[in-house]
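Student: Could you take me through this protein chain step by step? I would like short questions and short answers.

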Amino acid sequence: MQCIVAPYPHKKDNDKLFKVIEKNITNNLERGNSSRTHWDLHKKGIKEIDKLMLWISDHFDRATNELVIPYHRDAHYDFKIHSCWGMIYNKGEGVSLHNHFPYALSFVYYVRMPKGAAPLTISETEISPKEGEIVIFPSILSHGVNDNQIKGRCCLAGNILFLDTESSPGG
Ligand SMILES: [Fe+2]
């Protein structure tokens, strides 16, 4: 398994999250690329974003144990959400394969996935998340979005840092 997928219990916030993202779009790149916000959407004191970040933080242990070190199911590491940004893809827009090294974990939360919205490809596997689901994966994995066929595909993405503390298990 290369990622974990989990449903957000407060997906009723998605309309508000969409408006927040729309309002904070700072670039309109050339055709073919998504529009996005700055990287610090989680530092603006926005209630719905803060609530989502807190919920994401509750998944760090699960991500560690299922994705990274499945042989050590009780391992606990400290992580911190380092960046968070929103993206809106319109028809014909996508992002070519890339990874988020040197971060530890990355996430994408799906705010709007209208019919025809492109799936997420992680390491050549297509995943079709639903609205209100999050995908968390090791940042080193190559991923991208191809062939989006509809206006308004919207997500929030972010990177998670490992914090080196005494809690790390020994070798
Ligand atoms: Fe990415």
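**Strands, sheets and helices**

Tutor: Start at Ser 35, which sits in strand β2 (residues 35–36). Helices (H or I, at least four residues) and strands (E, at least two) are DSSP runs, numbered from the N terminus. The model is predicted: local features need pLDDT of at least 70, side-chain atom pairs count only at pLDDT 80 or more, and totals for chains, interfaces and linings use all residues. Residues are numbered from 1 along each chain as its sequence is written.

Student: Is Ser 35 buried, partly exposed or exposed, judged by the C-beta atoms within 10 Å?

Tutor: Count the other C-beta atoms within 10 Å, with C-beta atoms placed from the backbone: 20 or more means buried, 12 or fewer exposed, in between partly exposed. Ser 35 has 18 of them. So Ser 35 is partly exposed.

Student: What separates the C-alpha atoms of Ser 35 and Ser 57?

Tutor: Along the chain, these residues are 22 residues apart. In space, their C-alpha atoms are separated by 26 Å.

Student: How many helices and strands does the protein chain have?

Tutor: Read along the sequence, the pattern is β-α-β-α-α-β-β-β-β-β-β-β-β. The total comes to three helices and 10 strands.

Student: Which strands stand at the edges of the sheet of six strands?

Tutor: Strands pair if DSSP finds at least two bridges between them. The open sheet of six runs β1-β8-β5-β10-β3-β2, with antiparallel pairing. Two of its strands each have a single partner strand, so one side of each is left without a neighbour in the sheet. These are β1 and β2.

Student: Which residue is the bridge partner of Ala 6 in β8?

Tutor: Strand β1 (residues 4–7) and strand β8 (residues 133–138) are antiparallel, with four bridges. β8 is also joined to β5, by five bridges, and there Phe 107 has Ile 136 as its partner. For Ala 6, the partner in β8 is Ile 134.

Student: How much are neighbouring strands turned against each other in the sheet of four strands?

Tutor: This open sheet has the order β4-β9-β6-β7, and the pairing is antiparallel. Axes are lines fitted to C-alpha atoms, for helices over the stretch in contact, and angles run from 0 to 180 degrees between N-to-C directions. With direction ignored, the average turn between neighbouring strands of this sheet is 20°.

Student: Which residue stands opposite Ile 122 in β9?

Tutor: Strand β6 (residues 120–122) and strand β9 (residues 143–145) run antiparallel. Three bridges join them. Opposite Ile 122 stands His 143.

Student: Why are the buried residues of α1 on the same side?

Tutor: In helix α1 (residues 14–24), the buried ones are Asn 14, Leu 17, Val 20 and Ile 21. They lie on the same side because of the arc they cover around the axis, taken from the directions from the helix axis to the C-beta atoms. On the other side, Asp 15, Lys 19 and Lys 23 are exposed. The arc of the buried residues is only 115°.

Student: At what angle does α1 run to β5?

Tutor: The buried residues of α1 pack against α2 (47–57), β3 (78–89), β5 (105–112) and β10 (153–163). Contact means C-beta atoms, placed from the backbone, within 7 Å. α1 lies across β3, β5 and β10. Its angle to β5 is about 105°.

Student: What share of the residues of the protein chain count as buried?

Tutor: The protein chain has 171 residues. The share that count as buried is 31%.

Key:
Two residues are in contact if their C-beta atoms, placed from the backbone, lie within 7 Å.
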